[in-house]
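Please open the model in a viewer and keep the sequence panel at hand. The tour below proceeds by selection, with a short account of what is found at each stop.

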Amino acid sequence: MISSLSHQKKEESSLDRCESSRGRFDVTRNKGHRRRSSSLEKSISLTERSKKGHIRQRSASSILNQCLSQNQESRLPEQDSEGEQRWDSVYSMINQCSGSPRSPRRKEFLHRNAKHLSDAEYMVMMQLKRLLERNGGFRAVDWLRSRQLTSWSGVSTVVDEDGRISVAKLNFDFWNLTLSLGDHLGGMLSKLSKLTELDLRFNRGITGPVDEILSCLPNLKKLGLSGTEVTGSLTQIANTGAALEVLWLTNTRISGSLLELSRIGPNLKELSLNNTDVSGVLSELKFIAPVLEKLGLRCTKVQGSLNEILIFAPKVQVLTLNGSIGITGNLMDIIEIASQLEVLLVAGTSVDLVTADEKGRFLARSQKMNDLEVDIKDPVAAAAETWRQRCELAESEITALKSQLHNLQQKIYIK
């Protein structure tokens, strides 16, 4: 009991020394002066000399939390070399106190406490804010002059193993933007080293060639440009978008042949080319999209059969083909290989008409199917078609009998 009390007193005395050594420092900005408490260097030096690991951990956590809470509503001061060393010391201390770089405990701690962008990325986001606001992006007004990202519309971040926070996703769909992809947008975004997703869908005022953005973002995995006026070809996309996994180009001015996507086909998971000037013959495809799950070719000039599409994308789950006249085949021919399909839209194509019973049998075999659109035979029209076929068959048989009768009469006459 006495030893535990003495041990507790030692801990309290160590913490008291840390608290008593805290100083003050001035931060000078454009207007006025602010005074903030800064005990980073002294507290770190004291806690590093401490022999108790749990004291070091508690001190490092309190230092980082204090710094983050003080700068919650205002931007951190411009960091000089001394400031960078100060933050590096905090992060290095967290590395020592919170376990290995990949430990779940340390990752949880960093994700909970990392809230601010680096100076470089913060300046890029402020430049992007001004560009968006000049071109209709009124939602960017909540990007306050703070490194707090919880209220930044359209911005998602990622935290690395060292606790550094970076912009990973930008979602500006339906922002009513009117800008060109060549208006320094690619140059700005290229400075965001962790950016992997960019969504600009349904901004009819966005124009420019698609390679203006892809050439600056070679590591981009997801690109959404549906509902814009961007131009270009599938060849440009294949040459500059080697890492793309999701590509949405519905209702754009993109053209070209599916054959040109052979370079990025193995990586694609979602491909939407609905209502574009895309063409191509599926039987000529020399590559397979093994992980493609969603394929949209509605109202395109693509030609091929349902069998060829399922060979091209064996794991496709959502298949949108309605309005593409060049798509042929029979629904019952793919009933054995379409078990993974969840959505199949083939209305308005050259796929054979099916009866209601055939549609029911197809749905019964495809247990995952949620939506099936196919042209159904009208019962009356089907009956009339059957009657017409029977009449044509009877007429052909009568004609054949008349011919045989004529031949017999000729033989009897000769004799």
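Begin by selecting L363: leaving aside residues up to four places away in sequence, L363 touches M369 and L372, where contact means heavy atoms within 4.5 Å. This is a predicted model, in which local features need pLDDT of at least 70 and side-chain atom pairs count only at pLDDT 80 or more, while totals for chains, interfaces and linings use all residues. Residues are numbered from 1 along each chain as its sequence is written, and side-chain values use heavy atoms, with hydrogens and water left out.

**Stop one: around L363**

Extend the selection to residues 356–365, which form helix α11, the element that holds L363. Helices here are DSSP runs of H or I with at least four residues, strands are runs of E with at least two, and both are numbered from the N terminus. L363 has a relative accessible area of 34% and is partly exposed; buried means under 20%, exposed over 50%, and partly exposed in between, with a 1.4 Å probe and protein chains only. Next add I335, which is 28 residues from L363 along the chain, with 9.1 Å between the two C-alpha atoms.

**Stop two: D211 and M126**

Select D211, which lies in helix α8, residues 211–214. Is D211 buried or partly exposed? At 24% relative accessibility, D211 counts as partly exposed. Show Q236 and T240 as well, since D211 touches both when residues up to four places away in sequence are not counted. A distance label from D211 to A238 should read 9.7 Å between C-alpha atoms, for a separation of 27 residues in sequence.

Move to M126 in helix α6, which spans residues 119–134. M126 counts as buried, at 4% relative accessibility. Its C-alpha atom is 7.9 Å from that of W143, and the two residues are 17 apart in sequence.

**Stop three: two positive phi values**

Most residues other than glycine have a negative phi. Select F202, where phi is near 60°, a positive value in a residue other than glycine. F202 is placed in the loop between β5 (197–199) and β6 (207–209), and is partly exposed, with a relative accessible area of 36%.

Then select N251, another residue that is not glycine and has a positive phi, here near 55°. The loop that contains N251 runs between β9 (246–248) and β10 (253–257). N251 is partly exposed, its relative accessible area being 33%.

**Stop four: the cavities**

How many cavities of 30 Å³ or more does a search of the whole structure find? The search finds two. On a 1 Å grid over the protein atoms alone, a cavity is a set of points where a 1.4 Å probe fits but cannot get out, and lining residues have an atom within 4 Å of a point. Grid points are joined across faces, edges and corners, and a volume is the space filled by probe spheres set on the points.

For the largest cavity, select L258, L261, G265, L268, L271, F287, A289, L292 and F312, which line it. The space inside the largest cavity is about 40 Å³. Its lining comprises eight nonpolar residues, one polar residue and no charged residues. In this scheme Ala, Val, Leu, Ile, Met, Phe, Trp, Tyr, Cys and Pro count as nonpolar, Asp, Glu, Lys and Arg as charged, and the others, Gly among them, as polar.

For the second largest cavity, select L132, F172, L177, L179, L185, L200 and I206. About 30 Å³ of space lies there, and its lining has seven nonpolar residues, with no polar and no charged ones.

**Stop five: cysteines and the whole protein**

Select C299 and C391. C299 counts as partly exposed at 38% relative accessibility, and C391 is partly exposed at 30%. The structure holds zero disulfides, a disulfide being a pair of cysteine sulfur atoms within 2.5 Å.

Finally, display the entire protein. Its secondary structure comes to twelve helices and 18 strands, and buried residues make up 41% of its 415 residues. Of the contacts between residues at least 6 apart in sequence, 61% join residues at least 24 apart. The protein exposes about 22,600 Å², of which carbon and sulfur atoms supply 51%; these areas come from the Shrake-Rupley method with a 1.4 Å probe.

Technical notes:
On a 1 Å grid over the protein atoms alone, a cavity is a set of points where a 1.4 Å probe fits but cannot get out, and a pocket is an open set with protein on both sides within 12 Å along at least five of seven lines; lining residues have an atom within 4 Å of a point.
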